[in-house]
Amino acid sequence: MGPLKGLTIIEIAGIGPGPFAAMSLADMGASVIRVERPGGSMFSNAQEPRLDFLNRGKRCICVDLKTPEGVATILQIAGRADALLEGNRPGVMERLGLGPEVCLEKNPALVYGRMTGWGQDGPMAQAAGHDLNYIALAGALHPMGRAGEKPAIPLNLVGDFGGGGLMLAYGMVCAILEARSSGQGQVVDAAMIDGAATLMASTFAASQAGFWREERGTNFLDGGAHFYEVYETADGNYISLGSIEPQFYAALLEILGEDAEHFSKQWDMENWPAMKDRMSAIFSTKTRDEWDAVFEGVDVCYAPVLAIDEVRHHPHHQARGTFVDDGDYWQPAPAPRFSRTQAQLRGPSAKLGEHTEEILREFGFSDEQIAAKLACGAVTGRVDQ
């Protein structure tokens with residue numbers, strides 16, 4: 001059931017990167033307890049639970065963290081957990097009475113993960129923001145897009161999920177490993193602005209080496225080059241080309257045949273726009289499926305651009321089981337893969353409070369204590385949706 005089997009992680013429910021980090025840990029076998037507010041939120045109530053993929057494989061307990069009884073409940077659970085993660089603005093958990101100092105006093109080996117946009121300190125720490133703002137300030141947004149156009153928004157993959165959720169999950173696993181040898185927990189300050197900047201390391205290096213122009217859409221990895229580009233096909237679909245290395249570029253020229261002479265000087269950057277125009281004309285002569293057939297088995301760094309509804313049907317994904325389909329909904333399988341402790345999906349998102357009583361018993365609360373907590377509203381049980 002995954003390499004993190006045996007770990008217990010408390011997730012104070014939030015949105016975006018926090019749930020993604022917890023999903024990643026749950027996918028790897030960790031027992032993740034999602035702590036929701038009674039009644040949930042606009043996000044936890046907005047859709048059919050099975051479509052809440054970011055909360056798959058987790059158990060759910062509803063706790064009112066604005067009550068002393070609710071706070072005491074989480075502190076008791078944290079006393080036996082390996083880690084806790086939260087995604088509030090700096091200071092919110094401290095005001096609730098669940099800040100890292102209190103939790104680490106209860107459990108000195110606890111790893112306390114904090115997910116924010118701007119970080120726990122700095123002049124913007126308390127400012128509101130979203131993925132787009134964080135990657136903008138990190139220098140990751142400016143280079144994205146076409147020449148002469150405004151920056152292109154890369155969904156929320158760079159800040160929320162790549163620079164945020166994955167960095168938090170990675171940082172927590174690092175800290176958990178260290179705690180096993182030292183016996184001491186610590187705080188993991190995962191800021192999306194830091195993570196996005198880290199993802200830009202090679203681009204920052206290329207810029208300082210004089211190998212990257214400030215004008216977007218004019219470099220070899222941002223759509224400026226004719227050999228690293230997306231082209232429209234005759235049927236209005238698209239193909240992707242990434243023939244950077246000499247051997248792959250040579251294979252591309254062989255495919256192009258008599259047109260190859262127009263592209264003989266691969267790194268003549270001044271002529272890239274003209275070469276792109278010529279290549280656009282070539283790729284517009286066949287459909288995407290026809291180009292698939294042309295490039296099949298050729299080492300040229302090629303792939304069709306698939307729409308969301310097409311992805312899971314591609315033979316490569318079918319062969320590898322990249323997606324899991326239960327007949328009603330489909331979603332990505334856990335990644336990465338392991339040869340011996342392969343992770344598996346352990347079920348859909350839990351309903352609000354579905355495991356409240358089960359979890360409380362597991363962490364040492366008696367039936368009388370549970371009944372009292374339910375009666376005073378410190379916790380709530382399953383809420384059917």
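Let us begin with Ala83, whose bridge partner in strand E5 is Val111. Please bear in mind that the structure before you is a predicted model. The strands concerned are E4, residues 83-86, and E5, residues 111-116, and they pair in the parallel sense over 4 bridges. As a reminder, strands of a sheet pair through backbone hydrogen bonds, either parallel or antiparallel.

Where do E4 and E5 sit in the sheet of 7 strands? This open sheet has the order E6-E5-E4-E1-E2-E3-E12, so E5 stands between E6 and E4, and the pairing is mixed. Strand E6, at 186-191, and strand E12, at 379-380, stand at the edges; each has a single partner strand, and therefore one side of each is left without a neighbour in the sheet.

Next, I turn to a helix. Helix H6, which spans residues 157-182, lies across E4, E5 and E6, and also across strand E1, at 8-12. With respect to E5, helix H6 runs at about 165°.

Finally, I come to a pocket. In general, rolling a probe the size of a water molecule over the atoms shows where empty space is left. In this model, the second largest pocket holds about 290 Å³ of space. It is lined by 18 residues, and the closest to its centre are Asp292, Glu296, Tyr302, Pro304 and His314.

Which helix supplies the largest share of this lining? That is H11, with 4 residues. Helix H11, at 288-295, and strand E9, at 302-304, each supply at least two residues of the lining. By character, the lining divides into 9 nonpolar, 3 polar and 6 charged residues.

Conventions: Residues numbered from 1 in each chain as written. Predicted model: local features only at pLDDT ≥ 70, side-chain atom pairs only at ≥ 80, totals over all residues. Heavy atoms only, no water. Pairing = 2+ DSSP bridges. Contact = heavy atoms within 4.5 Å. Axes fitted to C-alpha atoms, helices over the stretch in contact; angles between N-to-C directions. 1 Å grid on protein atoms, 1.4 Å probe; cavity = no way out; pocket = protein on both sides within 12 Å on 5 of 7 lines; lining within 4 Å. Points joined across faces, edges and corners; volume = space filled by probe spheres on them. Nonpolar A, V, L, I, M, F, W, Y, C, P; charged D, E, K, R; others polar.
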